[in-house]
Amino acid sequence: MTERFPLAVLASGRGSNLQALIDAQRAGTLPIDIVLVAGDKQQALALRRAEEAGIPTLALDPKTYPDRAAFDTDLFTRVAAYRPRLIVLAGFMRILNAAVLAPWAGRIINIHPSLLPKYRGLHTHRRALEAGDAVHGSSVHYVTAELDGGPMIAQVQMPILPGDTDETLAERLLPHEHRLLVAVLAHIAAARIALHGTDVSLDGRVLSSPLRLREDGVLAA
Ligand code: GRF
């Protein structure tokens with residue numbers, strides 16, 4: 001059996017992306033070991049999903065720390081103790097400071113519901129609609145201290161349809177996000193995707209644009 005790739009997931013909310021990872025792991029299609037699910041909200045559904053799956057959880061309350069840096073430092077110290085090789089931000093709704101991120105360069109990724117560099121931050125679905133975009137999507141990128149601004153790994157696209165609202169867009173995008181995250185993790189676990197400085201490579205070749213998830217599930221350059 002292949003060795004499973006240990007990763008930690010940070011999540012603040014619903015945790016459907018986490019669930020997609022758990023399901024793929026269970027189905028035997030993703031050789032990962034989720035060693036910890038951590039977050040900043042004790043009530044988050046993501047933590048319940050983790051408990052249900054028998055994954056260790058950690059909830060830290062930011063209000064009990066003197067400042068943001070103290071929270072970040074404690075969170076990352078505790079996460080590191082589980083020895084993940086990668087941290088996955090999957091709906092983690094906090095901005096992290098540069099000092100805690102530095103040691104994790106190339107080993108922390110985020111999934112964001114827009115075709116970055118468009119629409120960093122919040123309300124991405126509404127902003128895509130308001131801009132009259134024909135296409136929407138989701139991106140997975142390495143995390144840096146710049147919000148939603150780190151080196152891009154891969155994207156999935158889908159059309160915006162007449163009559164779409166924020167809600168319909170978000171709902172239709174979600175399954176695509178799940179497929180994207182699983183596909184990227186399969187590649188990272190197999191050491192096929194890596195970060196070198198600010199360059200992302202697939203099989204040793206530097207990408208000039210993000211990989212694109214095709215309908216058939218293949219991540220294409
Ligand atoms: C997803 O849309 C993801 O792109 C964004 O937050 C949402 C998380 O959803 N970062 P869930 O909590 O995984 O269901």
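**Exercise 1. Find which residue of S9 stands opposite Ile193, then follow the pairing of S8 and S9.**

Solution. Start at Ile193: Leu202 in S9 stands opposite this residue. Before going on, note that this is a predicted model, in which local features need pLDDT of at least 70, side-chain atom pairs count only at pLDDT 80 or more, and totals for chains, interfaces and linings use all residues. Residues are numbered from 1 along each chain as its sequence is written, and side-chain values use heavy atoms, with hydrogens and water left out.

Next, look at the strands themselves (DSSP runs of E with at least two residues, numbered from the N terminus). S8 covers residues 193-196 and S9 covers residues 199-202; they run antiparallel and are joined by 4 bridges. Two strands pair if DSSP finds at least two bridges between them. Another opposite pair is His196 and Asp199.

Finally, go to the turn. The hairpin of S8 and S9 has 2 residues between the strands, and Gly197 there has a positive phi of about 65 degrees.

**Exercise 2. Work out the strand order of the sheet that holds S8, S9 and S10.**

Solution. Step one: S9 also pairs with S10 (residues 205-206), in the antiparallel sense, over 2 bridges. Step two: Ser201 has Val206 in S10 as its bridge partner. Step three: the S9 and S10 hairpin again has its turn, with 2 residues between the strands and a positive phi near 50 degrees at Asp203. Put together, the order is S8-S9-S10 in an open sheet of 3 strands with antiparallel pairing. S8 and S10 are the edge strands, each pairing on one side only.

**Exercise 3. List the residues around the ligand and sort them by type.**

Solution. First, collect the residues with a heavy atom within 4 Å of the ligand: Arg14, Gly15, Ser16, Asn17, Gly91, Ile111, His112, Pro113 and Glu177. Then sort this shell: 2 are nonpolar, 5 polar and 2 charged. In this scheme Ala, Val, Leu, Ile, Met, Phe, Trp, Tyr, Cys and Pro count as nonpolar, Asp, Glu, Lys and Arg as charged, and the others, Gly among them, as polar.

**Exercise 4. Which side chains have an N or O atom 2.6 Å or 2.5 Å from an oxygen atom of the ligand?**

Solution. Take 2.6 Å first: this distance leads to the side chain of Arg14. The 2.5 Å distance leads to the side chain of Ser16. For comparison with the backbone, a nitrogen atom of the ligand lies 2.7 Å from a polar backbone atom of Ile111.

Definitions and conventions: A polar contact is a pair of N or O atoms within 3.5 Å; within protein, one must be able to donate a hydrogen and the other to accept it, and residues adjacent in sequence count only if both atoms are side-chain atoms.
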